[in-house]
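The following report describes the fold, the nonpolar core and one helix of a single chain.

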Amino acid sequence: MERERCENVGLVKPEGKATARQGEAAIIQLEKPWERHETLSSLDIQLVQNLVERCLQLYLNQREVVHILHEQAKIEPGFTGLVWQKLEEQNPDFFQAYYARLIVKEQLVVFNQFAAQHHCILHGVPNLWNKHPQQQQQQQ
């Protein structure tokens with residue numbers, strides 16, 4: 001049910017001027033107060049929205065999505081943030097449930113770390129869960 005809601009999120013169209021000739025993609029003037037004016041096509045917006053939706057299926061938070069899309073797809077963080085904001089505005093119920101799931105996900109990660117620590121204490125195994133890579137290299 002939730003997966004359907006994620007896949008059926010409406011097309012995000014930021015406020016701005018849209019013009020299109022027959023057979024051409026619409027061009028949207030997007031104003032970013034902290035940057036110059038950018039011209040983006042509706043296909044650019046749809047691409048970023050689809051990438052955000054794929055990240056939502058992986059239960060990533062907004063900061064993680066912005067970082068991943070910037071690093072891997074070279075998408076400006078401000079644009080990804082704007083798409084995320086518009087999705088939130090268009091789907092408040094979905095995002096309320098999504099943020100609750102993110103909290104549960106974080107709690108599961110912490111629980112698993114505690115369970116691993118407990119196992120290590122009981123069996124005298126070195127605990128590698130909480131050590132940074134530098135600390136692990138120093139011990140070797």
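What share of the 140 residues in the chain is buried? Buried residues, meaning those under 20% relative accessible area with a 1.4 Å probe and protein chains only, make up 27% of the chain. This is a predicted model, in which local features need pLDDT of at least 70 and side-chain atom pairs count only at pLDDT 80 or more, while totals for chains, interfaces and linings use all residues. Residues are numbered from 1 along each chain as its sequence is written, and side-chain values use heavy atoms, leaving out hydrogens and water.

The chain has six helices and three strands, taken as DSSP runs (helices H or I, at least four residues; strands E, at least two) numbered from the N terminus, and their order along the sequence is α-β-β-β-α-α-α-α-α.

The largest nonpolar core (buried Ala, Val, Leu, Ile, Met, Phe, Trp, Tyr and Cys residues joined through side-chain atoms within 4.5 Å) has 18 residues. The elements in the table each give two or more residues to this core, and H2 supplies the largest share, five residues.

| Helix | Residues |
|---|---|
| H2 | 42-57 |
| H3 | 62-73 |
| H4 | 77-90 |
| H5 | 92-123 |

In H2, the residues Ile-45, Val-48, Gln-49, Val-52, Glu-53, Cys-55 and Leu-56 are buried. Seen down the axis of H2, these buried residues fall within an arc of 155 degrees (taken from the directions from the helix axis to the C-beta atoms), so they line one face of the helix. The face turned away from that side carries Leu-43 and Arg-54, both exposed, that is, over 50% relative accessible area.
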